[in-house]
Amino acid sequence: MTRSPIVVIGAGVSGLTCGVRLLEEGYDVEIWARERTPNTTSDVAAATWYPLRGERDERTDGWLPVSLSQFTALAAVSDSGVVLRGGIELFRHPADDTWWRDILPGFRRARADELPAGFADGFVAHGIPVIEMPLYLDWLTRRFGSLGGRSVMRTVTALDEIFETADVVVNCGGLGARALAGDASMVAVRGQVVRVEQFGLDRYILDEQSPDGIAYVYPRSNDVVLGGTREPGNERIEPDPETAREIVRRCSLLEPRVAAARIVSHAVGLRPGRPTVRLEAERPGPGRLLVHDYGHGGSGVTLSWGCAEDVAALIRAERPAAAG
C-alpha cells in the first residue's frame with residue numbers, strides 16, 4: 001500500500017533543511033507553507049554558524065558539530081552561498097573559553113593589537129561558515145526540488161487538517177508554532193539589521209556584550225550586514241530609523257569603515273524565541289506521528305542540520321523509509 005508523503009510545515013531554513021534531509025533518507029516529502037524565500041524570517045538572518053551562549057542547552061553540543069560539518073562541506077559548492085571566513089568575537093571583560101576552545105575552528109585568543117579600544121579580550125577563529133541567506137535558501141529550495149520534493153502554497157491553521165491527508169507531519173512553523181501547537185512559551189524576538197555596500201570587508205566581527213545592544217558585522221558577496229537587536233515581545237516589522245542609526249554607530253566602533261558605507265537596505269525579522277528548542281515526537285492519534293522542530297531563537301541556521309538529523313532519526317524509528 002502506498003504511504004502518504006511526509007508533510008513539513010514551514011519553508012524557512014528549518015523546514016527546507018528537514019525536507020532535504022528526509023528526501024536524502026528516501027522519503028516522499030511535501031513542504032506546506034504560506035511564505036517562501038525571499039519572504040521568510042530566515043531571509044533576514046545575517047547569518048553564520050556560531051554557537052550563542054544564551055541559547056545553549058545540552059542537546060546543542062550534539063547539533064553544533066553536525067551543522068558545522070555540513071556547512072563546511074557546502075562551502076565547496078559554488079552556488080550554495082556558504083563561505084568559510086575568519087573573524088573575531090570581542091569582549092569588554094576577560095572571557096572564559098572553557099568550551100569554546102574545543103568547538104571553534106582555528107580558535108585562538110586575540111592579541112592586544114587586534115582589539116579595538118574598549119575591549120579587553122577576544123576569540124579569533126578561522127573556517128567559520130558565513131551563510132548568505134538569499135543564496136543559500138535558493139540553493140536549499142533547488143536541492144529540495146531536485147530530490148523530488150514538492151512545495152504546496154498553503155496556510156496551515158490547524159494540525160488536524162494536515163493529518164487528513166498525511167500520517168507523518170514535521171512542524172517547522174517557527175513563530176507560527178505558537179498558535180499551531182498552542183505553545184504559550186513562544187515569544188517573538190525582534191531583530192533589525194542594516195545592509196550596507198560591501199567595502200572590502202572579508203571577516204566577521206561580533207560584540208555580544210555591548211551595553212547599548214548587540215553589534216555584529218557580517219560580510220557577504222555584495223553587501224555587509226550590520227546588526228542588530230534582540231527585542232522580546234516586540235512584533236513590529238517596520239524598520240525603525242533611530243534603531244538603524246544606532247546599529248550603524250555601534251558597528252562603526254567595531255569597524256570604522258562602516259560609518260562611510262552607503263546603506264543599501266533595512267530589514268526586520270521576528271525570531272522564534274523559546275526557553276529551549278522543541279524537538280520531540282508526539283503521537284496525536286493511531287498511525288499518526290508529529291515531530292516538532294521549532295523555537296531556535298537566533299540559532300536556527302547554526303542548528304539547522306543537526307536538528308534535521310534528529311528529526312530524521314525520530315521518523316526513521318517509527319517509519320523506516322523502505323516501508324514508505
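This is a short conversation about how some features of the model are named.

Visitor: What kind of model is this, and how are residues numbered?
Guide: It is a predicted model, where local features need pLDDT of at least 70, side-chain atom pairs count only at pLDDT 80 or more, and totals for chains, interfaces and linings use all residues. Residues are numbered from 1 along each chain as its sequence is written, and side-chain values use heavy atoms, with hydrogens and water left out.

Visitor: What makes Gly191 buried?
Guide: Buried means under 20% relative accessible area, exposed over 50%, and partly exposed in between (1.4 Å probe, protein chains only). Gly191 has 6% relative accessibility, so it counts as buried.

Visitor: Where does Gly191 lie, and which residues does it contact?
Guide: Gly191 lies in strand β8, residues 187–197. Strands (E, at least two residues) and helices (H or I, at least four) are DSSP runs, numbered from the N terminus. Contact means heavy atoms within 4.5 Å. Leaving aside neighbours within four places in sequence, Gly191 contacts Thr229, Ala267, Val268, Gly269 and Arg271.

Visitor: Why is Cys172 not counted as bonded to Cys18?
Guide: A disulfide is a pair of cysteine sulfur atoms within 2.5 Å. The closest cysteine sulfur to that of Cys172 is in Cys18, at 3.9 Å, so it is too far for a bond. The structure holds zero disulfides. Cys172 is buried, at 7% relative accessible area.

Visitor: Why are β6 and β14 said to stand at the edges?
Guide: The open sheet has six strands in the order β6-β2-β1-β7-β15-β14, with mixed pairing. Two strands pair if DSSP finds at least two bridges between them. β6 (150–153) and β14 (278–282) each have a single partner strand, so one side of each lacks a neighbour in the sheet.

Visitor: How do you know that β7 and β15 pair?
Guide: Strands β7 (168–171) and β15 (289–294) share four bridges, in the parallel sense. The definition asks for at least two, so they pair. Val170 stands opposite Val291 in β15.

Visitor: What makes a set of residues a nonpolar core?
Guide: The members are buried Ala, Val, Leu, Ile, Met, Phe, Trp, Tyr and Cys residues, joined through side-chain atoms within 4.5 Å. The largest such core here has 64 residues, and Leu22, Val170 and Ile315 are among those with the most contacts inside it. Helix α8 gives the largest share, eight residues. A second, separate core of 22 residues includes Ile88, Ala110, Val194 and Cys251. Cys251 has 0% relative accessibility, so it counts as buried.
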